There are 2 protein chains.
Amino acid sequence: MSDNKISTAVIKRLPRYYRYLGELIEMGVERISSNELSERMKVTASQIRQDLNNFGGFGQQGYGYNVKYLYDEIARILGLDRTHKVVIIGAGNLGRAIAGYGNFAKRGFLITAIFDINPELTGTDIGETKVSHLSELEEYARHNHIDIAALTIPKTQAVMVADRLYKLGVKAFWNFAHTDLNVPQDCVVESVHLSESLMRISYNLKSMEED
Amino acid sequence: MSDNKISTAVIKRLPRYYRYLGELIEMGVERISSNELSERMKVTASQIRQDLNNFGGFGQQGYGYNVKYLYDEIARILGLDRTHKVVIIGAGNLGRAIAGYGNFAKRGFLITAIFDINPELTGTDIGETKVSHLSELEEYARHNHIDIAALTIPKTQAVMVADRLYKLGVKAFWNFAHTDLNVPQDCVVESVHLSESLMRISYNLKSMEED
DNA sequence: TAGATTGTTAATCGATTAACAATC
DNA sequence: TAGATTGTTAATCGATTAACAATC
């Protein structure tokens, strides 16, 4: 079924199309041309059409795109038509922030467990979920499927915990630790390196001043 | 001073070089060739040399690169040799997570104020910093310089608060809201769209299964 | 000096943009 | 039908990789 490998540049843009289409739906817009959308999103109309046509022809000549239809199609392409069970490793502020973000649930990402190495946190509630001790991870995984693991723990632990999770069959990692994970090829790793993000601001501020 | 516009692809990679060099220093490694580094980082040696030579010749033929020297040079390029005053708008879990991350201070990013619209949070402490009410923003900015504003608030507020901050002279935004900011060209915007990151995981999981 | 490895030019590859025929 | 706008091919642009002369 999978078409010849879509480039990551395209994949990175899909969620943004999805967000804009969602906003258009909220505004009551029913149809939109690649040209109108390109003005809103500040990208070329050509790129929008190219990107979408990687997945099929969703528009109609002389009309444009039906907003709701395209929105649903992109959801399907992104796999948002299924639910994903997410466990969070690390019940610190970042783990809490993720656990508490309601919009994720709306998109089918369900927080099914939260683990932490700190015994004092064990048993406390975060939203609807009770924190378990990290030592219970294997036992939990034996009885529950895990689609995605969010790692909101320090880098020293993150690499090891990712190994443990991989042995338990987890194939997708949302990595917030300031390190690269060392998991096999058959895994999905999406890293959010906040410190690198901040450094880019620093660089851009500096080069703005120099003009 | 500013060399002919460095591509964003290069800038995005710089912090990662910096991280690896930091790790090498911790390991006591004094020199490294582009080849060795390329194996560790899983990028081509050619790319490393090209990237670095955008900023100058930091290596030596027949020797390679001095790790500590290169580390310091990249810090300078990234602007990490100066301090940045960061205010956080939004004292929720995400704001707290950022405020509490000690490594930022180590790189010269100082949390100088935290604002929230919720009166109940006003006066409470987050780390060393007291939360102020958002209405005090203008008064604060009159007496204190702000280099970077981190927006950890819902999208509905984020756009408006960014406008207020811009009028107060703030030129760099670390945007965690699920929206694009609408600030003028002379600003730096770095967005961390967590939901988009999660959608990419979803897509990649799906396309992995299809193989 | 011989060996190693950079800095840099040239070649390749991929992504973006432009153009336009197809068609609603 | 005439006008609008897509889907898609071709042209351009930029980024990555390969190659090698310079040089430590």
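**Protein surfaces facing the two DNA strands**

The residues of the surface near DNA strand D divide into four nonpolar, 18 polar and three charged. The model is predicted. In total, 25 residues surround DNA strand D. The closest of these are A:Ser34, A:Arg49, A:Gln50, B:Ser46 and B:Gln50. Among the atoms of DNA strand D within 4 Å of the protein, 56% are sugar or phosphate atoms. The rest belong to bases.

Polar contacts to DNA strand D involve both chains. In chain A, an N or O atom in the side chain of A:Gln50 lies 2.7 Å from a base oxygen of the strand. A:Asn53 places a polar side-chain atom 3.2 Å from a phosphate oxygen of DNA strand D. In chain B, an N or O atom in the side chain of B:Arg13 is 3.0 Å from a phosphate oxygen of DNA strand D. Several elements give two or more residues to this surface. Chain A supplies helix H3 (45–53), strand S2 (59–60) and strand S3 (64–66). Chain B supplies helix H1 (8–26) and helix H3 (45–53). H3(B) gives the most, with four residues.

DNA strand C is likewise surrounded by 25 residues. Here the closest are A:Ser46, A:Gln50, B:Ser34, B:Gln50 and B:Tyr65. By class, the surface near DNA strand C has four nonpolar, 18 polar and three charged residues. Of the strand C atoms within 4 Å of the protein, 56% belong to sugar or phosphate, and bases account for the rest.

Three side chains of chain A illustrate the polar contacts to DNA strand C. An N or O atom in the side chain of A:Arg13 lies 3.0 Å from a phosphate oxygen of the strand. The side chain of A:Thr44 also has an N or O atom 3.0 Å from a phosphate oxygen of DNA strand C. For A:Gln47, the partner is a sugar or linking oxygen of DNA strand C, 3.3 Å from a side-chain N or O atom. At least two residues of the surface near DNA strand C come from each of helix H1 (8–26) and H3 of chain A, and from each of H3, strand S2 (59–60) and strand S3 (64–66) of chain B. H3(A) provides the largest share, four residues.

The relation between the protein chains was also computed. Chain A superposes on chain B after a rotation of 180 degrees, with 0.0 Å of shift along the axis and an RMSD of 0.0 Å. This is the relation of a two-fold axis. In chain A, the C-alpha of A:Asn93 is the nearest to the axis, at 2.6 Å. Both copies use the same surface: 100% of the contact residues of chain A recur in chain B.

Technical notes
Residues are numbered from 1 along each chain as its sequence is written. Chains are lettered from A and ligands numbered from 1 in the order in which they are written. This is a predicted model: local features need pLDDT of at least 70, side-chain atom pairs count only at pLDDT 80 or more; totals for chains, interfaces and linings use all residues. Side-chain values use heavy atoms; hydrogens and water are left out. A residue is near a molecule or strand if one of its heavy atoms lies within 4 Å of it. A polar contact is a pair of N or O atoms within 3.5 Å; within protein, one must be able to donate a hydrogen and the other to accept it, and residues adjacent in sequence count only if both atoms are side-chain atoms. Ala, Val, Leu, Ile, Met, Phe, Trp, Tyr, Cys and Pro count as nonpolar, Asp, Glu, Lys and Arg as charged, and the others, Gly among them, as polar. Copies are superposed by least squares on the C-alpha atoms of residues with pLDDT of at least 70 in both. Contact means heavy atoms within 4.5 Å.
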